[in-house]
Amino acid sequence: MKGPISTNYVQVSEEEARQQYDAGLRDAWTDPSIAEKQWEVVRPELELARTGRPLLTYKAAVDCLRKVGAGERTILDVGAGCAHYADMIAIAKLPFAYTAFDFNPAFQNHATARVPGLRYDLGNATKLPYKDG
């Protein structure tokens with residue numbers, strides 16, 4: 001392994017975190033333009049996967065999913081953003097039913113326009129509307 005993927009972490013107090021959150025982080029992911037910004041980042045990554053050169057994160061996810069046994073194969077992607085893992089599953093030809101879940105309608109609009117038939121539910125990740133199991 002080459003080393004850590006990210007470094008220079010700084011521990012902040014709960015009060016500092018709350019101040020940063022209140023200063024604008026709370027609403028950052030509700031910005032309607034964030035879906036297109038995220039897609040600009042992941043689109044080239046998916047193109048690499050389509051040409052057989054996936055990033056390590058995608059390769060690791062696909063490798064894990066390939067080890068899942070027979071039976072019902074469903075994925076609930078909480079915080080799905082532009083639902084790029086739906087693309088990755090399709091690229092890898094994995095037999096999974098995929099559901100995207102996020103709270104920003106801009107992500108839902110972007111993803112469902114790009115992936116016909118995609119199930120994309122909106123809601124609060126702290127109150128998931130699904131049954132366990």
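Leaving aside its neighbours within four places in sequence, which residues is His84 in contact with? The legends below start from there, and keep in mind that this is a predicted model.

**View 1. His84 and the residues it touches.** Here we zoom in on His84, which has its place in helix α4. Once you set aside the neighbours within four places in sequence, His84 is in contact with Gln38, Val42, Leu46, Tyr58 and Arg114. Is His84 buried or exposed? His84 counts as buried because its relative accessibility is 12%, and the cut-off for buried is under 20%.

**View 2. The whole protein, before we zoom in again.** Stepping back, you can count 5 helices and 3 strands in the secondary structure. Follow the chain along the sequence and the pattern reads α-α-α-β-α-β-α-β. The protein has 133 residues, and 28% of them are buried. About 9400 Å² of the protein is exposed, with carbon and sulfur atoms supplying 56% of that. Now take the contacts with a separation of 6 or more: residues 24 or more positions apart account for 52% of them.

**View 3. The two sides of helix α3.** This view looks at α3, which spans residues 56-66, and its buried residues Tyr58, Val62 and Leu65. Why do these three sit on the same side of α3? They cover an arc of only 65 degrees around the axis, so they end up on the same side of the helix. Helping to cover the buried residues of α3 are, among others, α2 (34-50), β1 (74-78) and α4 (84-91). Flip your attention to the face turned away from the buried side, and you meet the exposed residues Leu56 and Cys64.

**View 4. Ala61, another residue of α3.** Ala61 also has its place in helix α3. With a relative accessible area of 22%, Ala61 is partly exposed. How far apart in space are Ala61 and Tyr85, C-alpha to C-alpha? They are 9.1 Å apart, while in sequence 24 residues separate them.

**View 5. A pair of cysteines to compare.** Cys64 counts as exposed because its relative accessibility is 53%, and the cut-off for exposed is over 50%. Cys82, on the other hand, has 0% relative accessibility and therefore counts as buried. If you're hunting for disulfides, a search of the whole structure turns up 0.

**View 6. Strand β1, with its side chains taking turns.** Walk along β1 and the side chains alternate between two faces. Ile75 and Asp77 point to one face and are buried, while Thr74, Leu76 and Val78 point to the other and are not.

**View 7. How β1, β2 and β3 line up.** Strands β1 and β2 run parallel, joined by 5 bridges. Look for Val78, which stands opposite Phe101 in β2. Next door in this view, β2 (residues 97-102) runs parallel to β3 (residues 119-122), and 4 bridges join them. Which residue in β3 does Phe101 stand opposite? That's Asp121.

**View 8. Strand, helix, strand, and then again.** Trace the path from β1 through α4 to β2 and you've followed a right-handed β-α-β unit. Carry on from β2 through helix α5 (residues 105-114) to β3, and those elements make a right-handed β-α-β unit too.

Definitions and conventions:
Residues are numbered from 1 along each chain as its sequence is written. This is a predicted model: local features need pLDDT of at least 70, side-chain atom pairs count only at pLDDT 80 or more; totals for chains, interfaces and linings use all residues. Side-chain values use heavy atoms; hydrogens and water are left out. Two strands pair if DSSP finds at least two bridges between them. A crossover is right-handed if, with the strands pointing away from the viewer, the path from the first strand over the helix to the second runs clockwise. Buried means under 20% relative accessible area, exposed over 50%, partly exposed in between (1.4 Å probe, protein chains only). The arc is that of the directions from the helix axis to the C-beta atoms. Contact means heavy atoms within 4.5 Å. A disulfide is a pair of cysteine sulfur atoms within 2.5 Å. Accessible areas come from the Shrake-Rupley method with a 1.4 Å probe; for residues, only the protein chains shown count as cover.
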